[in-house]
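Me: I'm in my first year and still learning to read protein models. Could you take a close look at the salt bridges here, and then at what surrounds them?

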Amino acid sequence: MTDTTDAQVDSTGPLGGVAVVTGAGAGIGAAIAAALVEHGTRVVVSDIDADAVARIAADLGPNAVAVPGDAADLAVIERMVDTARERFGPVDLYVANAGVAGGVGLESTDAQWRSALEVNVMAQVRAARLLVPEWLERGAGYFLATASAAGLLTQIGSPTYSASKHASVAFAEWLSVTYGDRGIGVSCLCPMGVNTALLHSGFSEGSPDGAIAAAAVTTAGAVLEPKDVAREVIAGIERGSFLILPHPEVLEMYRGKGADYERWLSGMRRYRRVLEQGAAAGGE
């Protein structure tokens, strides 16, 4: 794990306090919630899949409660925060983990663009609007945004995922720049491939771009398990790191991109051609 910033908060951080985790019905969100509970944190878990998140809360025991709903819906966000306050106390840590793939290719519809921007970006904006004023009064709070390595690099095959994850990274950067010296910690989680439903079915639209988008992730590096990502998240929060990179090679890729943008673009075009050839050969 590699990070690029100095600690923003004290060593105690928000662990052991009260957290909200969205997209917690499975995958990375469920693993982060479990890791937080193991570290003494009381959590509100939320997911649009009500049955799934109810099972997660039951498995986690008395230090977890489920609030189902759409993570981009302000009323749901308010309900999560209110439930946390009523059951456990004020929210110390908000894990904005919910995410969607959106569409693939330039033919991605307006509805797919809206979905990606709502869940991957505006859900985070709305949560921060609600919580940051309270955290400023308390002089402490922590916001963790799950973006993606695609937010630092790109997602071959999916413009909706690429653009919305770039926006997620940019919003987290802005939060840190604006409030990082006022007691508010900010982290941005940017993994590559993780063994989740989003990886295996999020881009499966029956189109060549869908297959290429999935292959671009699975062939770029190791596909980690959610619990491995959660372990890096806990370590990153403890350090107060901005970038949390379960795949440390992403940092070198990002540096290479910034050092020579034209070369990086050329390399990515070449990588796409290789993926296209592989997809064509697999379909024969």
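Reply: Here is a walk through the charged side chains, with some background first and a few other spots at the end.

This is a predicted model, so a few ground rules: local features need pLDDT of at least 70, side-chain atom pairs count only at pLDDT 80 or more, and totals for chains, interfaces and linings use all residues. Residues are numbered from 1 along each chain as its sequence is written, and side-chain values use heavy atoms, with hydrogens and water left out.

Let's set the scene. The chain has 11 helices and 7 strands (DSSP runs numbered from the N terminus: H or I with at least four residues for a helix, E with at least two for a strand). Of its 284 residues, 52% count as buried. Buried means under 20% relative accessible area, exposed means over 50%, and partly exposed is in between, using a 1.4 Å probe and protein chains only.

Now for your salt bridges. Side chains of opposite charge can pair when their charged atoms come close. The rule used here asks for a side-chain nitrogen of Lys or Arg within 4 Å of a carboxyl oxygen of Asp or Glu, and by that rule the count comes to 8 salt bridges.

Start with Arg-138. Its side chain meets that of Asp-92 in a salt bridge, at 2.6 Å from N to O. Asp-92 sits in the loop between α3 (74-87) and β4 (93-96), while Arg-138 belongs to helix α4 (residues 110-138), so this pair ties together parts that are 46 residues apart in sequence. Arg-138 also has a salt bridge with Glu-134, at 3.1 Å from N to O. That one stays inside helix α4: Glu-134 and Arg-138 are 4 residues apart, about one turn of the helix. As for cover, Arg-138 is partly exposed, because its relative accessible area is 36%.

Zoom out a little and you get a network of salt bridges, which links Asp-82, Arg-85, Asp-92, Glu-134 and Arg-138.

Next, hop over to helix α11 (residues 261-282), where Glu-276 and Arg-272 both lie, 4 residues apart, about one turn of the helix. They form a salt bridge too, with the closest N and O atoms 2.9 Å apart. Glu-276 is at 34% relative accessibility, so it counts as partly exposed. Arg-272, at 26%, counts as partly exposed as well.

What about charges gathered on the surface? Arg-263, Arg-269, Arg-270 and Arg-273 form a patch of positive charge there. In a patch like this, residues have over 30% relative accessible area and no salt bridge, and like charges are joined within 9 Å. Lys and Arg count as positive, and the place of an Arg charge is taken as CZ. One of the four, Arg-263, lies in helix α11 and counts as exposed, because its relative accessibility is 67%.

Finally, two alanines let you compare inside and outside. Ala-213, in helix α8 (residues 208-218), has a relative accessible area of 0%, so it is buried. Its C-alpha atom is 7.8 Å from that of Val-104, even though the two residues are 109 apart along the chain. Ala-197, in helix α7 (residues 197-201), is at 58% relative accessibility, so it counts as exposed. Between the C-alpha atoms of Ala-197 and Gly-27 there are 7.3 Å, with 170 residues separating them along the chain.

Notes:
Patches are made of residues with over 30% relative accessible area and no salt bridge: like charges are joined within 9 Å, nonpolar side chains (Val, Leu, Ile, Met, Phe, Trp, Tyr) within 5 Å. Accessible areas come from the Shrake-Rupley method with a 1.4 Å probe; for residues, only the protein chains shown count as cover.
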